[in-house]
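This report looks at one buried-or-exposed question, at the pockets and at a small sheet, in that order. The sequence and the structure are shown first.

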Amino acid sequence: MSDTPIPPVDLRAQHEAIADEVLAGFAAVLDQAAFILGPAVKDFEAAYAAFIGARHCVGVANGTDALELALRAAGADAEAEVLLPANTFIATALAVLRAGARPVLVDCDPEHHLIDLEQAAARVTKRTRFLMPVHLYGQMAPTEQIEALARARGLTVIEDAAQAQGARRRGRAAGTIGRAAGTSFYPGKNLGAYGDAGAVTTDDDALAARVRALRNYGSEVKYHHPEIGFNSRLDTLQAVVLAAKLKRLAGWNEARRTAARRYDELLADLPAVTRPRTLAGNEHVFHLYVVRVPNRDEVLERLRADGVGAQIHYPVPIHLQGAFRHLGLGPGSFPIAEKAAGEILSLPMYPEITAAQQARVVASLRRALG
Ligand SMILES: Cc1ncc(COP(=O)(O)O)c(C=O)c1O
């Protein structure tokens with residue numbers, strides 16, 4: 001039906017594809033009463049580590065915790081400055097604060113909206129210890145520059161891979177290029193659970209062991225707590241969902257790329273719309289398909305009136321959020337991120353989106369732009 005609303009993501013369609021497998025998996029967990037760190041968690045961790053090519057995956061309660069625990073396990077403390085982009089979801093910066101460290105924000109490049117590594121290099125001080133690139137919207141930040149900067153200045157790289165499950169750059173996957181990475185399995189992510197979930201991935205045996213302890217009250221041996229930890233375990237039922245979805249993730253990511261190409265074609269004759277660019281060498285997984293348009297707020301309103309579930313990721317950069325006013329960075333601090341925040345628009349994007357739905361999205365956008 002042509003006037004059925006088009007959602008930003010369609011989680012019901014995905015559930016239909018895996019419902020039988022998930023329900024059978026849930027039944028097995030209930031049968032075993034293996035609710036906390038049951039066998040399904042270990043199985044999923046092994047499968048996800050293999051999928052991205054990391055030695056370890058440690059399942060945790062959500063992506064924010066994953067980033068915090070990765071930073072803590074890598075030795076973040078109150079002395080540490082952490083470089084991260086100003087245009088990211090708030091959780092990247094919150095994780096730094098929660099790990100007790102100091103976020104140092106950096107602008108992005110105007111084409112791909114990925115962290116500006118020249119500016120990052122200029123902001124390195126004696127206290128800078130971590131570099132936290134965000135693989136934003138589904139493509140990896142430029143790993144060559146990240147590694148060069150980290151090597152030159154002795155920085156530890158912790159990737160925010162929450163939006164990039166399955167993304168690759170020159171043969172390496174998101175979540176495998178830093179000392180560790182945090183990812184989120186929030187339901188709307190490319191690999192999404194049926195509630196909150198996340199994971200830390202790493203090749204570092206000691207760091208993985210540390211995250212395993214930190215997620216479990218700082219304990220490796222039951223009732224023995226050599227350090228302060230947290231309760232942040234990946235829920236066993238969520239692991240069942242994630243394992244079922246992981247088997248389909250490569251195909252779903254391919255479907256997202258096909259949908260992105262279709263949007264590219266449909267938008268080609270709309271010069272007012274700036275289409276997303278893929279950095280050379282990247283295999284994008286289009287967690288989001290983000291265009292830039294003039295009069296964005298008006299355009300968004302019109303799309304929504306047409307039943308098109310467009311969104312903004314994100315309308316307010318980190319430094320202009322009330323939560324980060326203590327950084328003392330006003331408007332004008334990161335002009336590229338600020339300009340982008342006023343123009344970006346995420347069009348509906350999910351593996352099951354149909355050509356007809358995409359045509360309707362673009363027809364609505366065309367009308368909105370006049
Ligand atoms: C870039 C980024 N970092 C971190 C997170 C935090 O993940 P979570 O919502 O699972 O805590 C998200 C997703 O919400 C994200 O998009």
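In this predicted model, a polar atom of the S232 side chain lies 3.1 Å from the backbone nitrogen of A61. The side chain of S232 also makes a polar contact of 2.6 Å with the side chain of D65. As to its place in the chain, S232 belongs to the loop between α7 (205–214) and α8 (236–267). Is S232 buried or exposed there? With a relative accessible area of 1%, S232 counts as buried, because the cut-off for that class is under 20%. When neighbours within four places in sequence are left aside, the residues in contact with S232 are G59, V60, A61, D65, L69 and R215, so that A61 and D65 appear both in this list and as partners of the side chain in the two distances given above.

The pockets come next, and the table sets out the volume and the lining classes of two of them.

| Pocket | Volume | Nonpolar residues | Polar residues | Charged residues |
|---|---|---|---|---|
| Largest pocket | about 590 Å³ | 15 | 13 | three |
| Second largest pocket | about 160 Å³ | four | three | two |

The largest pocket, with its volume of about 590 Å³, is lined by 31 residues, of which F89, Y186, K189, H287 and Y314 are the closest to its centre. Two or more lining residues come from each of the elements α3 (63–73), α4 (90–98) and β12 (344–347), and among the elements it is α3 that gives the most, with three residues. For the second largest pocket, the lining consists of I36, L37, N216, Y217, S219, K222, Y223, H225 and R233.

The last topic is a sheet. Three strands form an open sheet in the order β7-β6-β10, and their pairing is antiparallel. Because β7 (172–173) and β10 (282–283) stand at the edges, where each has a single partner strand, one side of each is left without a neighbour in the sheet. Between β6, which covers residues 168–169, and β10 the antiparallel pairing runs over two bridges. Which residue of β10 stands opposite R169? The residue in that position is N282.

Conventions: Residues numbered from 1 in each chain as written. Predicted model: local features only at pLDDT ≥ 70, side-chain atom pairs only at ≥ 80, totals over all residues. Heavy atoms only, no water. Pairing = 2+ DSSP bridges. Helix = DSSP H or I, 4+ residues; strand = E, 2+ residues; numbered from the N terminus. 1 Å grid on protein atoms, 1.4 Å probe; cavity = no way out; pocket = protein on both sides within 12 Å on 5 of 7 lines; lining within 4 Å. Points joined across faces, edges and corners; volume = space filled by probe spheres on them. Nonpolar A, V, L, I, M, F, W, Y, C, P; charged D, E, K, R; others polar. Buried < 20%, exposed > 50% of the residue type's maximum accessible area, 1.4 Å probe, protein only. Polar contact = N/O pair within 3.5 Å; in protein donor to acceptor, adjacent residues only side chain to side chain. Contact = heavy atoms within 4.5 Å.
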